[in-house]
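Biologist: Could you take me through one part of this structure slowly, as you would for someone in their first year? I would like to follow a run of neighbouring strands and see what surrounds them.

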Amino acid sequence: MKYINKRICWVTILTLATLVMGGCTSEQMVPKTPITELTIEEHPLKFEPTTDPLTFVPEQGSQAELLAKHQQERELPVPDNSMLFEGQPAFSVQTGDEDLVAVETYNKTVENQTASQKVTVQVLKGEKLILSIEAGDISPINNLRGLWAYSDHWVVEVAHVTLAPDSNETPLEPNGEIFIDGKSLNETYGYDQSFGFQLIHGIPFYFFQQNGNIGISYNGEQIQLEYDQIPHYQCCSASALNPKSAPNMVSFFAQRQGTWYYVEIGVFE
């Protein structure tokens, strides 16, 4: 896997072949296609975004102007493969001639005289169990985040949740782990976590955190954007800050060195 490191300062638009910025310079490496088709539009904000309703104030322009630019792309429907499997939350995909189902299962455990519900994510091919993942505590968010298929591959994403004793609150950032064909990306590449898998223009995309910094992967190429945090896996009103996926793009909020950004990444016409 090739690594492309880029430093972004006061960015208007970044493509992976051409960088447009002000206030600093950057040495860039141009990766192979089709990653050069991906565009990153990063907009610094005056302060942290708020929810209920979702509000953010850009350094340049307005919230309405930024959202209007790719509004039609963001509103394109994402295929919904969610289902119930024996009464439990699940997803289904087809790879070749085979149907796969990913499902949450639950079991009660007792530790130090405290009972809790634990979640296991299972992937089934027909009636055969091909992957089982311990996903931590049951919580207001779904530990099973999704199941996808592309080319001859299948992908499952899990949020590992750990609750404090006697607490019904989820942690701020449950730990994400993506598995491709049953293999953990966290283990394969030494990620702290991986999350937000989707297909952008039919090509696999996800976020990863490594050594405390967050970047993206697209078509197997890694781009270290050095974000300190990207809100994700949040529930209730805070879920307004979670990444929003569409067939050709993703939008999200990120923080780097104390500055918040609204970011849109995609393959745009």
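Modeller: Happy to! Let us start with the surface of the whole protein chain: the accessible area is about 13,400 Å², and carbon and sulfur atoms hold 48% of that area. Please keep in mind that this is a predicted model. The chain contains three helices and 20 strands. Of its 269 residues, 45% are buried. If you take the contacts with a separation of 6 or more, 46% of them are between residues 24 or more positions apart.

Now for the close look, which centres on strand β15. This strand covers residues 203-210, and eight of its eight residues are buried. To picture its two sides, one general idea helps. Side chains in a regular strand alternate between the two faces of the sheet. On one side of β15 you find Ile-203, Phe-205, Phe-207 and Gln-209, and on the other Pro-204, Tyr-206, Phe-208 and Gln-210. Both of these faces are covered, with every one of those residues buried.

Next, look at the partners of β15. On the side of β14, the two strands run antiparallel and are joined by six bridges. One pair to find in the viewer is Gln-198 with its bridge partner Phe-205 in β15. The hairpin of β14 and β15 has two residues between the strands, and His-201 has a positive phi near 60 degrees there.

Then follow the chain onward to β16, which spans residues 213-218 and pairs with β15 in the antiparallel sense over six bridges. Here Gln-210 stands opposite Asn-213 in β16. The hairpin of β15 and β16 has two residues between the strands, and in this turn Asn-211 takes a positive phi near 55 degrees.

One more step brings us to β17. It is joined to β16 by four bridges, and the two strands run antiparallel. Ile-216 has Ile-223 in β17 as its bridge partner. Two residues lie between the strands in the hairpin of β16 and β17, where Asn-219 has a positive phi near 55 degrees. Is β17 open to its surroundings or enclosed by the rest of the structure? Six of its seven residues are buried, so β17 is largely enclosed.

There is a detail to enjoy within β17, which runs over residues 221-227 and includes Glu-226. Glu-226 is not a glycine, yet its phi is positive, about 60 degrees. Its relative accessibility is 28%, which lies between the 20% limit for buried and the 50% limit for exposed, so Glu-226 counts as partly exposed.

Let us go back to β14, since it also leads us to a pocket. The largest pocket holds about 920 Å³ of space. It is lined by 31 residues, and the ones closest to its centre are Val-78, Trp-148, Phe-197, Gln-198 and Ser-245. You have already met Gln-198, the residue with Phe-205 as its bridge partner in β15. The elements that give two or more residues to this lining are β6 (88-95), β10, β14 (193-200) and β18 (244-246). By type, the lining residues divide into 16 nonpolar, 11 polar and four charged.

From the pocket we can move along to β10. It belongs to an open sheet of four strands in the order β10-β11-β12-β13, with antiparallel pairing. β10 and β13 (183-184) are the edge strands, each pairing on one side only. Six bridges hold the antiparallel pairing of β10 and β11. Among the residues to find here, Leu-147 has Val-156 in β11 as its bridge partner.

The loop between β10 (144-150) and β11 (153-160) holds Ser-151. This residue has a positive phi near 50 degrees although it is not a glycine. Its relative accessibility is 65%, which is over the 50% limit, so Ser-151 counts as exposed.

Before you leave the model, visit one last loop, the one between β4 (39-44) and α1 (63-69), where Pro-53 has its place. The peptide bond that joins Asp-52 and Pro-53 is cis, with omega about 5 degrees.

Methods. Residues are numbered from 1 along each chain as its sequence is written. This is a predicted model: local features need pLDDT of at least 70, side-chain atom pairs count only at pLDDT 80 or more; totals for chains, interfaces and linings use all residues. Side-chain values use heavy atoms; hydrogens and water are left out. Buried means under 20% relative accessible area, exposed over 50%, partly exposed in between (1.4 Å probe, protein chains only). Contact means heavy atoms within 4.5 Å. Accessible areas come from the Shrake-Rupley method with a 1.4 Å probe; for residues, only the protein chains shown count as cover. On a 1 Å grid over the protein atoms alone, a cavity is a set of points where a 1.4 Å probe fits but cannot get out, and a pocket is an open set with protein on both sides within 12 Å along at least five of seven lines; lining residues have an atom within 4 Å of a point. Grid points are joined across faces, edges and corners, and a volume is the space filled by probe spheres set on the points. Ala, Val, Leu, Ile, Met, Phe, Trp, Tyr, Cys and Pro count as nonpolar, Asp, Glu, Lys and Arg as charged, and the others, Gly among them, as polar. Two strands pair if DSSP finds at least two bridges between them.
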